[in-house]
Amino acid sequence: MGMTDVLIVGAGPTGLVLACDLARRGVAVRIVDRSPAPPRTSRAKGPNPRSLEILDDLGVAEEVLAAGSAPLPMLKYRDRRPLAEADPWADSAPSPDARYDRGWLIAQWRLEGILRDRLAGYGVRVEPGREVVGLAQGRDGGDGGHVDVTYADGQTGRARYVVGCDGAHSSVRKLLGITFEGTTAEDQVMVCGDVDLANGVLDRTRWHQWFDEDGAVMLCPIPGTRTGWWFQAGPERDGRGRPLAPTADGFRRLLAHHTALPGRALTRAELLSTYRVNVRMADRFRAGRVLLAGDAAHVHAIAGGLGMNTGIQDAFNLGWKLGLVLAGHADAELLDTYEEERLPVAARTLDLTSERLRATLEAIRRPGGGLDTAITPDTTGLGVGYRWSSLTAGDRTPQPERPGPRAGDRAPDAPCADAATGVRTRLHRVFAGPRTTVLGFGPGSAAVLRETADAYGGGVRVCRVYAAHEDRAGAEPGAVVDDAGHTSAAYGTGASGDTGAGTVVVVRPDHHVGVLAPADDARSVREYLRRLHGTGRSAERPPGMVDAVR
């Protein structure tokens, strides 16, 4: 088999998001999975708000929303009787800077199907039944390096980069010899599965949670099904207190024991699994031309639902960096910032989820306690940023009390209007797609925007943000009007249009602020863009490489 740019090992949500992001950049990508067919796993219950923003950028959010449902209020029982109801999202609402205020319920296999369809639109299909058993990194005179890959069936392949998205038992991580330090709590065990309940026996507008002194059963309706439910429970145990493996009959006994439903109400149980609390992390996310993402790099407690979400966000951080390096715009050192940025996030996520698990286990001891304890503002993903990163070295932000984001923070969304047509849009639509964006506030920003457009053409998007009162005659294509003031409020630029001064914000392709500088500081913008995109149109591109700006 010939050389491919990136081989992704593992076709779960992390691998599929990375494949979609790379494919739309024109990167030659292959994605393999050891399963002979797409697994219908009963795992993640859906994307959090930050992951929804990423899925929106990839063009699949509307489909995900349509296929799933909003998170449900939680009805909690003790001794078979309903005791309390909690809706952790009752007080949240979309805001101008964050369109998604809550996660979304969708079966993981359904989300994967949507991402596979999107990937197929780029002409890339998951290659099933392909298990990687060997990796060897080599160099050759032409392109400076590659990875030779061996599959279980004896076939071989070659890629410029390999990314292991192959889960907690990652073959890629093991082949690299990267340690997976941490703990497994053998006593913290849950049995899970997808079940069918007889129609009408339980209200499908609630997530039902029975917490008793001797165990628990949780049933959440699976969106898009008439009778399907996610079943989670404390396991049955043998005479010596050891957890028993999950079975359909065991689920029926647990149901009859904890709920007022008869065991026979459970008509089918599949995708049965045992979940143990694992808190582990790889000590590095990159070894030369091989990188790790998602559960292959970190696993943690289920509380807060951050497992799949952290993986999706890993992929979104890595995709644009691989794209710019493969296109010859950025040096390979850019890939070091993936581990630099995501490893501390993973470490913090391990701490956060362990703390939420502890709080939840404490809460459910008391009648009326439930899984709502695990849901906090921290679990939205919207607050995750990279202020410590070397990619924020160009931060010329004035004093900390200045409102708005700092370099490294998530770039806020904001409703605005197209300057030419008046059509409603929002900043995250402006950012969408595989490019860096330079926002200019105030007349003083015009020179920097012009210089950027001249240097990089369409490779870097420039967007002048006009205040409502500014004269827009001759507005450049793609300019927007901050007609309600949400953009200047989100970015802390104030009414800079009054003075003729202004602010320039460089937004990375993953919606994080790279530089926030006064409009007369063209040098900061120039240096930052050069680091990501080379010197612009004069930059030599290796022959045969696809330009990454499509």
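Leaving aside its neighbours within four places in sequence, Ile178 touches Arg173, Ala282, Asp283, Arg284, Ala287 and Leu292 in this predicted model. Ile178 itself belongs to the loop that runs between helix 5 (171-176) and strand 8 (180-197). The protein around this loop has 12 helices and 22 strands, and buried residues account for 56% of its 550 residues. Among contacts between residues at least 6 apart in sequence, 69% join residues at least 24 apart, and the points below begin with two loop residues that have partners of this kind.

**Two loop residues and their distant partners**

- Ile178 counts as buried because its relative accessibility is 6%, which is under the 20% cut-off for that class.
- One of the contacts of Ile178 is Leu292, and although these two residues are 114 residues apart in sequence, their C-alpha atoms are 9.9 Å apart in space.
- Ser390 is placed in another loop, the one between helix 8 (336-363) and strand 16 (415-418).
- Ser390 counts as partly exposed because its relative accessibility is 28%, a value that falls between the cut-offs of 20% and 50%.
- Once its neighbours within four places in sequence are left aside, Ser390 is in contact with Thr337, Glu340 and Arg531.
- The C-alpha atoms of Ser390 and Asp336 are separated by 9.7 Å, while along the chain the two residues are 54 residues apart.

**Helix 1 and its surroundings**

- Helix 1 (residues 13-23) is mostly covered, with 11 of its 11 residues buried, and among these are Pro13, Gly15, Leu18, Cys20 and Asp21.
- The elements that cover the buried residues of helix 1 include three strands, namely strand 1 (3-9), strand 2 (29-32) and strand 7 (156-164), together with helix 2, helix 4 (108-120) and helix 7.
- Two of these covering elements, strand 1 and strand 2, also pair with each other in the parallel sense, over 4 bridges.
- Within this pairing, Leu7 has Arg30 of strand 2 as its bridge partner.
- Val29 and Ile31 point one way from strand 2, whereas Arg30 and Val32 point the other way, and all of these residues are buried.

**Cysteines**

- A disulfide is a covalent bond between the sulfur atoms of two cysteines.
- In this model the count of disulfides comes to 0, under a rule that asks for a pair of cysteine sulfur atoms within 2.5 Å.
- Cys20, which is one of the buried residues of helix 1, has a relative accessibility of 1% and therefore counts as buried.
- Cys165 also counts as buried, because its relative accessibility is 9%.

**The largest cavity**

- Rolling a probe the size of a water molecule over the atoms shows where empty space is left.
- The structure holds 4 cavities of 30 Å³ or more, and the largest cavity contains about 80 Å³ of space.
- The lining of the largest cavity is formed by Arg50, Ile54, Gln313, Phe316, Asn317, Arg342, Gly381, Val384, Tyr386, Asp510 and His512.
- By residue class, this lining divides into 4 nonpolar, 4 polar and 3 charged residues.
- Helix 2 (49-57) and helix 7 (307-326) each supply at least two residues of the lining, and helix 7 gives the most, with 3 residues.
- Helix 2 and helix 7 therefore appear twice in this account, since they are also among the elements that cover the buried residues of helix 1.

**Residues with positive phi**

- Leu271, a residue of strand 12 (residues 266-282), has a phi near 55 degrees, which is a positive value in a residue other than glycine.
- At 28% relative accessibility, Leu271 counts as partly exposed.
- His511 likewise has a positive phi in a residue other than glycine, near 65 degrees, and it is found in the loop between strand 21 (503-507) and strand 22 (513-518).
- His511 is buried, because its relative accessible area is 1%, and this falls under the 20% cut-off.

How values were computed
Residues numbered from 1 in each chain as written. Predicted model: local features only at pLDDT ≥ 70, side-chain atom pairs only at ≥ 80, totals over all residues. Heavy atoms only, no water. 1 Å grid on protein atoms, 1.4 Å probe; cavity = no way out; pocket = protein on both sides within 12 Å on 5 of 7 lines; lining within 4 Å. Points joined across faces, edges and corners; volume = space filled by probe spheres on them. Nonpolar A, V, L, I, M, F, W, Y, C, P; charged D, E, K, R; others polar. Buried < 20%, exposed > 50% of the residue type's maximum accessible area, 1.4 Å probe, protein only. Contact = heavy atoms within 4.5 Å. Pairing = 2+ DSSP bridges.
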